[in-house]
Amino acid sequence: MLREDYAYHEASRAKNFSNPCNSGYKVGAYLEAHNSQYFAGNIEHPNTSLGTMCAERLVLMQCQGDKLTPKELHIVSDNKLPVFPCGVCRQYMSAWPRLRVTVYSADGNKKVTKTASQLLPNQYK
C-alpha cells in the first residue's frame, strides 16, 4: 500500500471515532509526527456547540501534548468533494506554517494538499 493511500485509509478509519450527535457530519483525521501517529474523529456535545471539537484540532492537540512537531495531516469527511478545515482549525494549524494538510473526498478519489500557511494566508499573529 502506498504511503498516501495508507494515510487516507487511516483518516477514513478514524471517522469511526466520530460522535457528531448534533450535525451527523463525520470527519476523521490522521496525523504523522516523526515516528508517532495520531487518529481522531470529531466530537460534538449534545447540548451546546461550545463543546464541539474538530478531528483536526484533536490530533494536533494530542501531538502538541507529546511535545512533537506535526508533519502531515490527512482529513476525510463524508462529502463527495474534499472539504477544508474550519476557520478555528486553520488558525490553530497556523502555529505550524509548513504543516502539510491533505483533504480527501469520501471515496479518496479527489484530494487537495496545501500547507497550513496556504490555508490561512493572512493569519493573526
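# Rings, a buried strand and a core

Mentor: In this predicted model, ring pairs link Tyr6, Tyr30 and Phe39 into a cluster.

Trainee: How many aromatic pairs are counted by this rule, and why is the pair of Tyr6 and Tyr30 called edge-to-face?

Mentor: The count comes to 4 aromatic pairs. For Tyr6 and Tyr30, the ring centres are 5.9 Å apart, which is within the 6.5 Å that a pair requires, and the planes stand at 85°, which is over 60, so the pair is edge-to-face.

Trainee: What makes this pair a tie between parts that are apart in sequence?

Mentor: Tyr6 belongs to helix H1 (residues 3–14) whereas Tyr30 belongs to strand E1, so the two rings tie together parts that are 24 residues apart in sequence.

Trainee: How do you know whether Tyr6 is buried or exposed, or in between, and what about Tyr30?

Mentor: Tyr6 has 29% relative accessibility, and because this value lies between 20% and 50%, Tyr6 counts as partly exposed. Tyr30 has 0%, which is under 20%, so Tyr30 counts as buried.

Trainee: Why is the pair of Tyr92 and Trp96 called tilted?

Mentor: Their centres are 5.9 Å apart and the angle between their planes is 55°; because this angle is neither under 30 degrees nor over 60, the pair falls among the rest, which count as tilted. Of the two residues, Tyr92 is partly exposed, with a relative accessible area of 24%, while Trp96, with 14%, is buried.

Trainee: Turning to strand E3, what makes it largely enclosed by the rest of the structure?

Mentor: Of the 6 residues of E3, 6 are buried, so the strand is largely enclosed. In a regular strand the side chains alternate between the two faces of the sheet. Both faces of E3 are covered, with Glu72, His74 and Val76 buried on one side and Leu73, Ile75 and Ser77 buried on the other.

Trainee: Why does Glu72 count as buried, and what does Glu72 touch?

Mentor: Its relative accessibility is 11%, which is under 20%, so Glu72 counts as buried. Leaving out residues up to four places away in sequence, Glu72 touches Arg3, Tyr30, Leu31, Glu32, Leu99 and Arg100. The side chain of Glu72 also makes a polar contact with the side chain of His74, at 3.3 Å, a value within the 3.5 Å cut-off.

Trainee: How do you know that E3 pairs with E1 and with E4?

Mentor: Pairing asks for at least two bridges, and 6 bridges join E1 to E3, which run antiparallel, while 5 bridges join E3 to E4, which run parallel. Val76 illustrates both pairings, since Gly28 stands opposite Val76 and Tyr104 is the bridge partner of Val76 in E4. E3, H3 and E4 together make a right-handed β-α-β unit.

Trainee: Which residues touch the most other members of the largest nonpolar core?

Mentor: Leu31, Leu73, Met93, Leu99 and Val101 do, out of 23 residues in that core. Among the elements that give two or more residues to this core are strand E1 (27–33), helix H2 (55–65) and strand E3 (72–77), and H2 gives the most, with 5 residues.

Trainee: What is Leu31 in contact with, beyond its neighbours within four places in sequence?

Mentor: The contacts of Leu31 include Tyr38, Val59, Cys63, Glu72, Leu73 and Leu99. Apart from the largest core lies another, of 6 residues, among them Ala7, Ala11, Tyr30 and Val76.

Key. Residues numbered from 1 in each chain as written. Predicted model: local features only at pLDDT ≥ 70, side-chain atom pairs only at ≥ 80, totals over all residues. Heavy atoms only, no water. Core = buried A, V, L, I, M, F, W, Y, C linked by side-chain atoms within 4.5 Å. Buried < 20%, exposed > 50% of the residue type's maximum accessible area, 1.4 Å probe, protein only. Helix = DSSP H or I, 4+ residues; strand = E, 2+ residues; numbered from the N terminus. Contact = heavy atoms within 4.5 Å. Polar contact = N/O pair within 3.5 Å; in protein donor to acceptor, adjacent residues only side chain to side chain. Right-handed = clockwise from strand over helix to strand, strands pointing away. Phe/Tyr/Trp six-rings, centres within 6.5 Å; stacked < 30°, edge-to-face > 60°.
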